[in-house]
Amino acid sequence: TQSGHYGRDPPARYTGSEMNHRDDAMGLCHFALAVEGCSWTNPDYFALMIANTLVGSWNRAQGGGKLIPSPFARKAFEQKYPQSYMSFNTCYKDTGLWGVYGVSEPDEDAVRKFVGAVQSEWRRITRGASPGEVQRAKNHLKTLMLAQCDGSTAVCEDIGRQMLTYGRRIPLAEIDARIEAVTPSVLKKVMEEYVYDRDPVIIGLGATEGLPDQLLVKFQQSSPLD
């Protein structure tokens with residue numbers, strides 16, 4: 001072998017891009033909007049998870065209405081066209097994807113407004129979420145992580161995943177400490193590094209006539225922190 005690099009995969013390369021498969025017969029517009037996130041072992045992992053929890057998830061069939069804790073979920077509830085959304089933070093060995101999957105009625109103007117509202121929420125968190133919001137998101141994240149280990153099968157899956165990604169199993173006390181170490185100022189710094197003014201990727205499926213193209217989304221990604 002040359003320099004001992006035989007069999008090593010090159011680092012993954014993220015490229016902002018666009019893919020749109022229009023099929024009006026589907027009746028709804030499905031889209032995913034994301035930026036490059038971080039790997040499993042990156043120190044910023046838990047900060048991005050907290051930001052992901054702040055954005056939250058929502059669908060029109062659930063209850064709660066204006067009493068939903070997530071500000072963006074309340075905003076989506078008050079609008080006529082959004083049907084659902086789900087924030088995600090997908091991590092890989094050396095990179096990741098952080099973003100939102102959304103479903104909207106096919107109204108052209110509504111789809112653009114929905115995508116714009118997602119980016120506006122990202123800018124709001126980047127500008128600075130309140131200490132109360134951040135603490136609520138941290139508590140919720142801990143609850144979700146503990147709920148994922150309910151049962152021997154889930155625990156075994158968690159052990160295997162952590163052995164593959166970290167090379168060890170992280171104790172719950174350490175996870176709790178890492179989550180608590182994320183302050184509003186740390187969250188703001190991480191959002192500025194990963195989200196604000198970063199090259200996005202946008203994917204559309206279904207009735208996507210109103211889905212903005214990648215250039216417009218990229219421009220909105222660098223809009224002033226309103």
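Two people talk over the helix packing and the sheet of this predicted model.

Colleague: Before the details, what is the mean pLDDT of the chain?

Modeller: It's 88, and 95% of the residues reach 70 or more. Among the elements, strand β2 (residues 29-36) has the highest mean, 96, while helix α8 (residues 214-221) has the lowest, 85.

Colleague: Now the helices. Why is α3 called oblique to α7?

Modeller: Take the angle: the axes of α3 (residues 108-128) and α7 (residues 184-194) cross at roughly 130 degrees. Roughly antiparallel would need over 145, and roughly perpendicular runs from 65 to 115. The crossing fits neither, so α3 counts as oblique to α7. As for distance, the two axes come within 7 Å.

Colleague: And which hand does the crossing of α3 and α7 have?

Modeller: Left-handed.

Colleague: How do you know that α3 and α7 meet, and which residues are involved?

Modeller: Contact here means heavy atoms within 4.5 Å. On the α3 side you have Trp122, Ile125, Thr126 and Arg127; on the α7 side, Leu187, Lys188, Met191 and Glu192. By class, that contact has four nonpolar, one polar and three charged residues.

Colleague: What makes Thr126 polar in that count?

Modeller: Thr is on neither the nonpolar nor the charged list, so it falls among the others, which count as polar. Arg127, Lys188 and Glu192 go down as charged because Arg, Lys and Glu are on that list.

Colleague: On to the sheet. What is the order of its strands?

Modeller: β1-β6-β2-β5-β4-β3, six strands in an open sheet. From one strand to the next, the twist averages 15 degrees.

Colleague: What makes β1 and β3 edge strands?

Modeller: Each of them, β1 (18-22) and β3 (57-59), pairs on one side only.

Colleague: How do you know that β1 pairs with β6?

Modeller: Pairing takes at least two bridges, and five join β1 to β6 (residues 201-206). One example is Met19, whose bridge partner in β6 is Ile203.

Colleague: Why is the pairing called mixed? Which strands run parallel and which antiparallel?

Modeller: β1 and β6 run parallel, whereas β2 and β6 run antiparallel, with six bridges between them. With both kinds of pairing in one sheet, mixed is the word. In the β2 and β6 pair, Ala32 stands opposite Ile203.

Colleague: What about β2 and β5: how many bridges join them?

Modeller: Eight, against a requirement of at least two, so they count as paired. β2 and β5 (residues 96-104) run antiparallel, and Ala34 stands opposite Gly99 in β5.

Notes. Residues are numbered from 1 along each chain as its sequence is written. This is a predicted model: local features need pLDDT of at least 70, side-chain atom pairs count only at pLDDT 80 or more; totals for chains, interfaces and linings use all residues. Side-chain values use heavy atoms; hydrogens and water are left out. pLDDT is the predictor's confidence in each residue, from 0 to 100. Helices (H or I, at least four residues) and strands (E, at least two) are DSSP runs, numbered from the N terminus. Axes are lines fitted to C-alpha atoms, for helices over the stretch in contact, and angles run from 0 to 180 degrees between N-to-C directions. Angles under 35 degrees count as roughly parallel, over 145 as roughly antiparallel, 65 to 115 as roughly perpendicular and the rest as oblique. A crossing is left-handed if the near helix is turned anticlockwise from the far one by less than a right angle, and right-handed if clockwise.
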